[in-house]
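Visitor: Please give me a close look at one part of the surface, then work outward from there. Keep it brisk, and give the reasoning where there is some.

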Amino acid sequence: MSLLLQILFWVAFCGAVTSTIYCLMVMAAAVRFGLKKRREDRVVATFQPPVSVLKPLHGVEPGLERNIESFFEQDYPEFELLFCARHDSDEGLQLARRVGERFPRVDAQYVTCGEPTPRFHNAKVYSLAKLDSVAKHALFITSDADVRVTKDYLRKMVQNLKDPRIGLASCVYLGTTDKGSKAGFSSQLDAVGKSVEMTSGVLVADMLEGTKFALGASMAVRKESFQRAGGFDELGQFYADDFVLGNRLAAQGVGVRMATHVIRLMVQDTPFGLSFRNQLRWMQSTRRSRPWGHLGSGLTFAVPFGLLGLLWGVLSGHAVLGVVWLTAMVLNRWLQAGAILIVMGDENWLRGMLLYPLRDLLGSVLWLGSYGGDKFYYRGKIYTLKEGGRVEEPQ
């Protein structure tokens, strides 16, 4: 029993130390991001070239109409909106058309690409390839269907391409539910995870070594960058095509940066089981895309080590110390979440901060689960993740 308690203590202690170091790094990265954002927000946006906005669609979901509408409301001199779905009967594409009728002055096109070919396991990239073929302009803004933006979105994002050495810029996002605090608890945890867990890792990575990846929710990207990264045929074989795109460009010496503009990623109010499966899919993808980094991320969680410390305290007769240990790890996560949410301008930062320790615990469970297999379910099909993040669809 004594040996078991020693092992328990040292595992909890090491995890507490690494997660605390990580928390301090996140806070430093948040301050760095906030200062950079404040500095860039003061700069007058004089770089306003024409841009093509590429938006793949597939079906409808709650809030999609408002998401699409926010793109038609852009305060920008010259841009085109390009929507693509597999078939003309797609409800999402039809909804985009109805929204477009309310904005007759906005140049918008609605195209179809058909079903992806066998080599394209990533249907989103297949849609982007079609949109690339009809786009008028050489500078693109891409975004997912669940992205909602403010009127200055295009103006802010395109500034990142003012330097011709920059080939791609993506941005962090605030996970948001339409129902706010009335949304299901699992969706609220998912939203705060997208806001804090994802952003924390991104900002720390950017602080330590620069940005060598991309976040596909929203990107400002040059048309030529897709070809420099291997072309759509190649990118379409990966689940995390955004990571591969940014990683390959960075390896070639092309500028890849993290924008300071913050968008909203709308999180659907889904049952816990479906929400868990969706989040697990992303964890599995990350494990394949950057295996060593993903392995090390297990040491960034805090609450699991706090629970181990509590267990050690109870079993060793130091229950009070165990409670203090767990409390310290909860405070650790509150500090991390508060720093990130405040600097990103989340008006509900206090609620998100209080929820985050539970999300941290859930994140550790998802991290462990990502090592449980390589198959995942997505839009009616079961796929297999291969080395490097490539996707294989069973025959």
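Guide: Start with the nonpolar patch on the surface of this predicted model. Which residues make the patch? W10, F13, V17 and I21 do, and together they cover about 370 Å². Take I21 as the example. I21 sits in helix 1, which spans residues 2-42. Is I21 buried or exposed? I21 is partly exposed, at a relative accessible area of 44%. A patch member needs over 30%, so I21 qualifies because its 44% passes that cut-off.

Stay with helix 1 and turn to charge. D41 lies in helix 1 and makes a salt bridge with K156. The closest N and O atoms of D41 and K156 are 3.4 Å apart. K156 belongs to helix 5, residues 153-158. The two partners are 115 residues apart, so this pair links distant parts of the chain. D41 is partly exposed at 37% relative accessibility. K156 is also partly exposed, at 25%.

How many salt bridges does the structure hold? The count is 21. One of them joins R66 and E73, with 3.1 Å between the closest N and O atoms. R66 has a relative accessible area of 32%, which makes R66 partly exposed. E73 is partly exposed too, at 24%.

Another salt bridge brings the side chains of K124 and D144 together, at 2.8 Å from N to O. K124 is in helix 4 (residues 123-134). D144 is in the loop between strand 4 (139-143) and strand 5 (147-148). The pair therefore ties together parts that are 20 residues apart in sequence. K124 counts as partly exposed at 23% relative accessibility, and D144 as partly exposed at 22%. Back to R66 and E73: they belong to one network with E65, E69 and R102, joined by salt bridges that share partners.

Now the cysteines. How many disulfides are there? The count comes to zero. Why does C23 not bond? The closest cysteine sulfur to that of C23 is in C14, 18 Å away, which is too far for a bond. C23 is buried, at a relative accessible area of 4%. C113 is another case. Its sulfur is 3.8 Å from the closest cysteine sulfur, in C84. That is still too far for a bond, because the cut-off is 2.5 Å. C113 is buried as well, at 15% relative accessibility.

Finish with the sheet. In what order do its strands run? The eight strands follow 3-2-1-4-7-6-8-5 in an open sheet with mixed pairing. Strand 3 (107-112) and strand 5 stand at the edges. Each has a single partner strand, so one side of each lacks a neighbour in the sheet. Strands of a sheet pair through backbone hydrogen bonds, in a parallel or antiparallel sense. Strand 1 (residues 51-56) and strand 2 (residues 79-85) are a parallel pair, with six bridges between them. Within that pair, V53 stands opposite L81 of strand 2.

Terms used. Residues numbered from 1 in each chain as written. Predicted model: local features only at pLDDT ≥ 70, side-chain atom pairs only at ≥ 80, totals over all residues. Heavy atoms only, no water. Patch = residues over 30% accessible without salt bridge, like charges linked within 9 Å, V, L, I, M, F, W, Y side chains within 5 Å. Areas by Shrake-Rupley, 256 points an atom, 1.4 Å probe, with all protein chains shown as cover. Salt bridge = Lys/Arg side-chain N within 4 Å of Asp/Glu carboxyl O. Helix = DSSP H or I, 4+ residues; strand = E, 2+ residues; numbered from the N terminus. Buried < 20%, exposed > 50% of the residue type's maximum accessible area, 1.4 Å probe, protein only. Pairing = 2+ DSSP bridges.
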